[in-house]
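Colleague: I am new to reading structures, and I would like to go through this one with you slowly, one question at a time.

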Amino acid sequence: MKALLKLTVLIVPISFILMFFLLLTDDTPYPGADYDVFDMPQFQLKNLQDNELIFNSDIQGDYIVNIWASWCITCRIEHPYLMNLSKQGMPIIGLNYKDERRDAIDWLEKYGNPYETVIHDLKGTLALDMGVTGAPETFLVNNGEIVAHYQGEINPSIWADVFMPVIDDREMF
């Protein structure tokens with residue numbers, strides 16, 4: 001019994017020290033970045049503006065999918081950067097996530113629309129299939145494959161460090 005107690009007293013502190021060492025030496029600069037490659041899920045949802053059906057086959061080539069909502073405060077913070085990317089010719093598809101149609105339309109009218117198309121995902125089904133945990137999140141799609149994913153606000157640093165290396169490597173856009 002005494003040997004077990006001595007062993008426990010020794011193992012517990014060493015375990016904590018090892019855990020903190022591993023966490024502090026993690027060299028991942030952006031923990032929200034994910035580079036797993038998988039196919040863009042099949043979907044059939046409505047366009048936010050005109051209520052027409054959109055299928056995944058309607059969207060081709062290389063593009064960004066940005067998950068956003070009118071209720072999302074961080075989406076408002078990242079929005080000017082998305083407007084800038086759009087003005088530079090970057091194709092951005094908006095996925096309006098668990099949002100009322102009228103609220104989303106009003107939000108775009110107030111702040112501007114950087115999106116070529118806005119998919120209205122009221123129930124979050126497509127977002128769930130993509131692995132979304134909240135808004136905002138951004139996906140880089142290359143010919144039907146998701147090649148990069150970032151959870152959180154994108155800004156110039158995130159764009160340069162997370163997305164541009166993949167874009168350059170795959171010779172996209």
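The questions below deal with the nonpolar cores, a strand and its partners, and a disulfide.

Colleague: Before we begin, what kind of model is this, predicted or experimental?

Modeller: The side-chain atom pairs here count only at pLDDT 80 or more, and local features need pLDDT of at least 70. Such a score belongs to a model that is predicted.

Colleague: Which element gives the most residues to the largest nonpolar core?

Modeller: The largest nonpolar core has 31 residues, and those with the most contacts inside it include W68, L85, Y150 and F163. Two or more residues come from each of β5 (62-68), α2 (73-87), α3 (101-111), β9 (145-151) and α5 (156-170). The element that gives the most, with 6 residues, is α5.

Colleague: How many residues are in the other core?

Modeller: In soluble globular proteins, nonpolar side chains tend to be buried together. Apart from the largest core lies another one, with L45, I54, L126 and F139 among its members, and its number of residues is 19.

Colleague: Which residue of β8 (residues 137-142) does I154 touch, leaving aside residues up to four places away in sequence?

Modeller: I154 is among the residues with the most contacts inside the largest core. With those sequence neighbours left out, I154 touches E78, Y81, L82, L85, T138 and F163. Since β8 covers residues 137-142, the name to pick from that list is T138.

Colleague: Are the residues on the two faces of β8 buried or exposed?

Modeller: On one side of β8 are E137, F139 and V141, and on the other are T138, L140 and N142. For a residue to count as buried, its relative accessible area must be under 20%. Both faces of the strand are covered, and these residues are all buried.

Colleague: Which residue in β9 is the bridge partner of E137?

Modeller: Strand β8 is joined to β5 by 6 bridges, and these two run antiparallel, with I64 paired to L140 of β8. Another 6 bridges join β8 to β9, which also run antiparallel, and the two form a hairpin with 2 residues between them, where N143 in the turn has a positive phi of about 50°. Within β9, the bridge partner of E137 is Q151.

Colleague: How far apart are the sulfur atoms of C72 and C75?

Modeller: The structure holds 1 disulfide, and both of its cysteines, C72 and C75, are buried. Their link is right-handed, with 85° about the S-S bond. A pair of sulfur atoms must lie within 2.5 Å to count as a disulfide, and for C72 and C75 the separation is 2.4 Å.

Terms used:
Residues are numbered from 1 along each chain as its sequence is written. Side-chain values use heavy atoms; hydrogens and water are left out. A nonpolar core is a set of buried Ala, Val, Leu, Ile, Met, Phe, Trp, Tyr and Cys residues joined through side-chain atoms within 4.5 Å. Buried means under 20% relative accessible area, exposed over 50%, partly exposed in between (1.4 Å probe, protein chains only). Contact means heavy atoms within 4.5 Å. Two strands pair if DSSP finds at least two bridges between them.
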